[in-house]
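Welcome! Please take a moment with the sequence and the model below, and then we can walk through some of its features together.

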Amino acid sequence: MAFSLGRRVREVLMVTKALGSPRHPVLVHIVPVRRCNLACSYCNEYDDFSNPVPTAQMLHRIDLLRALQATAIHLSGGEPLLHPELDTIIERIRKQGMLAGLLTNGYLLNIERIQKLNGAGLDYLQISIDNLEPDEVSKKSLKVLDQKLQWLAKYAHFTVNINVVLGSGVRNPEDALFITRRAKAMGFNSTVGIIHDHSGQLRPLSGEQKRIYEQIVGFGEKMFSDFVHYSHFQNNLAQGLVNQWHCRAGSRYLYVCEDGLVHYCSQQRGYPGIPLDQYKPADLEREYHTVKTCAPYCTIGCVHRVSVLDEFRENPRAAISRFFPQRLPVPVRILTWLFLPKPDGRGTRLGNLTARLLRMR
Ligand code: SF4
Ligand code: SF4
């Protein structure tokens, strides 16, 4: 996997834009085909018969999202690799200046497919692997996918993330630990998700699952966003505790289904259920403020990550205190000291120092 400076720059620009501008969609999940080639028993996001969305319609939807100032579009499903012209859709996302991601079960990957995704300009690919050996719950198994991972490690130019899951329906939680170690050994990023049940809601982890969760989190990248994510949202979920947060779905995060309707997320389809071509800035504004009653036990980490940006934008000191109730990690203390306005509101230390050096005050 090649490190891409260009991608890093575009990521920084995305976060900067999100922190500076309050209402555009930061992340969109869009479904190019609802059909899936697998049938995981916990999943409520697939069927076994749908046709792919016609490519012209998909391209039009990408253009509409760009008009709403979206910054990143991830293709999900079903299984998006079942769409015969997925590369054309990825190319359009990139041509419109947005980051392009793909959530796949990985079954259809081969060397040629990976090279086509490189050519289309894909930025991220995520595979969720649920167990070591296929069982009646899930066939997303390391045994089946390991060869695909080796090809990705050798040929992919995009960032690869391996997601493991713990929670309802996962028979051997130890598998998640083994898969994470394998992902790290191959140089991939790794994340752990706490799986929701059929209603999209949380079931608390067992004692063994919690122990494994702690170990996996210990492998994680110690980036600021990971501190925020794992130390707060995920840790609460692991303990079966509620999260107090304002979900910004319908505004900062959109889920666009195969019929071109905008929903809050995969687990709250039908709300608001407005066609994308009728979705306007007034809808983004309304949904930014709408309180979602499903938020306390929600397990959808990507929406939380996006919503966290607004907590920082609106009240950075309060947000940091909430995320680190005991003691701030040293890097966060330094950044806070340098960049946040002083408690008396008189500018930032870095800003004041720069002004003094330039003799502006
Ligand atoms: S592979 Fe993904 S979309 Fe397909 S059934 Fe499993 S969880 Fe659902
Ligand atoms: S809180 Fe938001 S992301 Fe979570 S289920 Fe509800 S609408 Fe979806």
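The crossing of helices α3 and α4 is right-handed. This is a predicted model, and in it α3 covers residues 86-95 while α4 covers residues 111-120. Their axes come within 8 Å and cross at roughly 25°. Angles under 35 degrees count as roughly parallel, so α3 is roughly parallel to α4. On the α3 side, the contact involves Asp87, Ile90 and Glu91, which meet Lys116, Leu117 and Ala120 of α4. By class, the residues of this contact are three nonpolar and three charged, with no polar ones.

Next, have a look at the two ligands. Which residues surround ligand 1? Among them are the cysteines Cys36, Cys40 and Cys43, together with Leu38, Ala39, Glu45 and Tyr46. Gly77, Gly78, Glu79, Asn105 and Lys140 also belong to the surroundings of ligand 1. Around ligand 2 there are 13 residues, and those that come nearest are Cys247, Tyr264, Cys265, Cys294 and Cys298. Here is how the two shells divide by class:

| Shell | Nonpolar residues | Polar residues | Charged residues |
|---|---|---|---|
| Ligand 1 | six | three | three |
| Ligand 2 | nine | three | one |

Now for some backbone details. Most residues other than glycine have a negative phi, and most peptide bonds are trans. Where does this model have cis peptide bonds? One joins glycine 77 and glycine 78, with omega at about 10°. Glycine 78 lies in the loop between β2 (72-75) and α3, and both of these glycines are also among the residues around ligand 1. Another cis peptide bond joins tyrosine 271 and proline 272, with omega at about -10°. Proline 272 is part of strand β9, which covers residues 272-275.

Glutamine 69 is worth a visit too. Although glutamine 69 is not a glycine, its phi is positive, at about 75°. You can find this residue in the loop between α2 (55-67) and β2. Glutamine 69 has 15 other C-beta atoms within 10 Å, so it counts as partly exposed.

Finally, turn to another glutamine, at position 239. Is glutamine 239 buried or exposed? Glutamine 239 is exposed, because it has 11 other C-beta atoms within 10 Å, and 12 or fewer counts as exposed. Its place is in the loop between α8 (224-238) and β7 (253-256). Although glutamine 239 and leucine 205 are 34 residues apart in sequence, they are 6.5 Å apart in space, C-alpha to C-alpha.

Note on methods:
Residues numbered from 1 in each chain as written. Chains lettered and ligands numbered in written order. Predicted model: local features only at pLDDT ≥ 70, side-chain atom pairs only at ≥ 80, totals over all residues. Axes fitted to C-alpha atoms, helices over the stretch in contact; angles between N-to-C directions. Helix = DSSP H or I, 4+ residues; strand = E, 2+ residues; numbered from the N terminus. Parallel < 35°, antiparallel > 145°, perpendicular 65-115°, else oblique. Left-handed = near helix turned anticlockwise from the far one by under 90°. Contact = placed C-beta atoms within 7 Å. Nonpolar A, V, L, I, M, F, W, Y, C, P; charged D, E, K, R; others polar. Near = placed C-beta within 6 Å. Buried ≥ 20, exposed ≤ 12 C-beta atoms within 10 Å, placed from the backbone.
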